[in-house]
Amino acid sequence: MDQIAFITGITGQDGSYLAEFLLDKGYRVVGMTRRSSTDSMERIEHLQTRIELLQGDLLDQASLVAAIQAVKPTEIYNLAAMSFVPTSWNQPVLTAEFTGLGVTRMLEAVRQVDPAIKFYQASSSEMFGKVREVPQNELTPFHPRSPYGVAKAYGHFLTVNYRESYGLFAVSGILFNHESPRRGLEFVTRKVTDGVARISLGLTNVLRMGNLDARRDWGFAGDYVRAMWAMLQQPVACDYVVATGIDHSVRDVCQIAFERVGLDYEKYVVLDEHLLRPAEVDHLLGDPTKARQELGWQPTVSFEDLICMMVDADMERLRNHPVRHADVAFASAHS
Ligand code: NDP
Ligand code: GDR
């Protein structure tokens with residue numbers, strides 16, 4: 001049978017890598033995009049002739065049902081969400097609608113159209129929040145620390161519940177932070193690598209940061225999409241933690257990124273208290289043993305290589321394109 005993948009959130013970081021990966025595997029790939037007055041196709045521009053796009057929105061049940069009816073996918077990857085943690089405090093209701101209830105709408109659409117469709121839900125290490133144990137595995141209890149984390153926990157349990165209630169092949173991938181040159185500019189790794197490139201090119205001389213002591217388990221997004229696919233190829237649906245098993249601090253990100261261009265981060269990084277979060281997740285470290293054993297999954301890019309890859313890509317981008325000063329203002333005001 002032909003394999004057809006339907007990806008929500010295809011214009012995001014993970015959607016673009018997943019689309020590339022599935023195309024290489026011979027899938028027909030259809031992505032869902034929401035209507036916008038501006039173009040958000042930057043990450044999938046190079047795939048435009050190989051993928052198909054359909055309009056739909058996680059807030060609109062009928063649009064989801066219609067899209068799934070039209071595409072008849074064998075697999076659905078639900079990657080769409082409001083994914084930036086700080087915004088979830090400013091827009092908690094909308095975050096719950098997109099990131100939480102959006103999962104219910106997708107699962108209901110699957111049930112209504114064809115319960116044989118395999119379903120992947122993009123869950124998050126943010127569900128562990130104020131962690132109960134280190135490292136975190138599939139059995140670690142959740143204690144989310146932001147409206148985003150709470151919404152993701154709802155989506156996770158709903159996915160498990162639809163599997164148990166209706167026998168759907170529905171899996172929840174509990175992914176730890178993963179980054180790339182396509183990461184949104186407001187997330188910490190990309191904010192630092194973009195800031196380093198701007199400083200190195202003489203476009204600015206300061207990088208305002210929040211909590212430098214927060215620790216995360218960071219990997220490369222291109223590796224993580226392989227795990228999403230592998231979960232849907234298992235004989236039995238279940239949930240997996242995907243992580244490198246190695247943690248670093250935000251300070252480490254700064255140090256490595258600045259060193260890449262021969263600079264000392266301490267001369268440029270300034271603490272901005274406005275960037276501290278109402279409730280912080282201090283330390284996330286994943287235990288990917290189950291993914292390694294059952295999916296045969298392993299990361300291929302080290303933390304150091306990831307940060308250097310991102311610095312190099314931002315240097316290249318900013319050298320080649322005229323700088324929009326609005327970008328700088330936006331980044332420092334909002335992230
Ligand atoms: P991005 O923020 O890069 O992409 C989010 C995507 O969701 C975009 O394509 C966006 O579309 C789409 N979207 C947002 N709201 C809606 C809506 N109402 N209807 C339809 N589409 C919508 O996220 P990532 O690629 O980094 O992450 C993918 C998923 O994985 C997310 O669910 C995220 O929460 C989760 N996750 C991510 C991790 C990471 O480290 N990257 C770790 C763990 C989980 P548009 O372009 O129009 O804005
Ligand atoms: P996170 O990612 O909240 O873990 O969520 P982010 O990169 O935003 O923050 C990581 C840590 O860095 C600290 N930090 C800063 N963060 C940002 N954005 N900007 C700053 O200036 C800054 N200074 C310090 C934060 O306090 C935090 O501790 C990401 C998202 O992709 C989610 O969608 C996903 O679910 C989780 O990863 C796993």
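Hi everyone, let me start right inside a binding site: a polar side-chain atom of Y148 sits 2.5 Å from an oxygen atom of ligand 2. One caution before I go on: what you see on screen is a predicted model.

Let's stay with ligand 2 for a moment. Which residues are closest to it? The shell counts 24 residues, and the closest are S83, S124, Y148, R277 and E280. Besides Y148, the side chain of N177 takes part, with an N or O atom 2.9 Å from an oxygen atom of ligand 2. The backbone joins in too: a polar backbone atom of V188 is 2.8 Å from an oxygen atom of the ligand. How much of ligand 2 does the protein bury? Taken alone, this ligand exposes 700 Å², and 96% of that is buried by the protein. Sorted by class, its shell holds 10 nonpolar, 7 polar and 7 charged residues.

Now please turn to ligand 1. Here 25 residues lie around the ligand, and T11, D14, R34, S83 and Y148 come nearest. You will recognise S83 and Y148, which were also named among the closest residues to ligand 2. For T11, an N or O atom of the side chain is 2.6 Å from an oxygen atom of ligand 1. Nitrogen atoms of the ligand have contacts as well. A backbone N or O atom of L58 lies 3.1 Å from a nitrogen atom of ligand 1, and a polar side-chain atom of R183 lies 3.2 Å from a nitrogen atom of that ligand. On its own, ligand 1 has 910 Å² of accessible area, of which the protein covers 90%.

Which elements build this shell? α1, spanning 13–24, supplies at least two residues, and so do β5 and α5. The most come from β5, with 3 residues. By class, the shell around ligand 1 divides into 10 nonpolar, 10 polar and 5 charged residues.

Let's zoom out to the sheet. It is open, has 7 strands with parallel pairing, and its order reads β3-β2-β1-β4-β5-β6-β11. Why do β3 and β11 each have one side without a neighbour in the sheet? Because β3 (52–55) and β11 (240–242) stand at the edges, and each has a single partner strand. From one strand to the next, the twist averages 25°.

If you look at the β3 edge, you will find β2, residues 28–33, running parallel to β3 and joined to it by 4 bridges. Within that pair, M32 stands opposite L54 of β3. Helix α2, residues 61–71, packs on the sheet and touches β1, β2, β3 and β4, its direction making about 160° with that of β1. Helix α5, residues 147–166, also packs on the sheet, this time touching β5 and β6, and its direction makes about 150° with that of β5.

I'll finish with two backbone details. As a reminder, most residues other than glycine have a negative phi, and most peptide bonds are trans. Where does P135 sit? P135 is in the loop between β5 and α5, and the peptide bond joining V134 to P135 is cis, with omega about -5°. The other detail is K72, in the loop between α2 and β4. Phi of K72 is near 50°, a positive value in a residue other than glycine.

That's my tour, thanks for listening!

Note on methods: Residues numbered from 1 in each chain as written. Chains lettered and ligands numbered in written order. Predicted model: local features only at pLDDT ≥ 70, side-chain atom pairs only at ≥ 80, totals over all residues. Heavy atoms only, no water. Pairing = 2+ DSSP bridges. Axes fitted to C-alpha atoms, helices over the stretch in contact; angles between N-to-C directions. Contact = heavy atoms within 4.5 Å. Near = heavy atom within 4 Å. Polar contact = N/O pair within 3.5 Å; in protein donor to acceptor, adjacent residues only side chain to side chain. Areas by Shrake-Rupley, 256 points an atom, 1.4 Å probe, with all protein chains shown as cover. Nonpolar A, V, L, I, M, F, W, Y, C, P; charged D, E, K, R; others polar.
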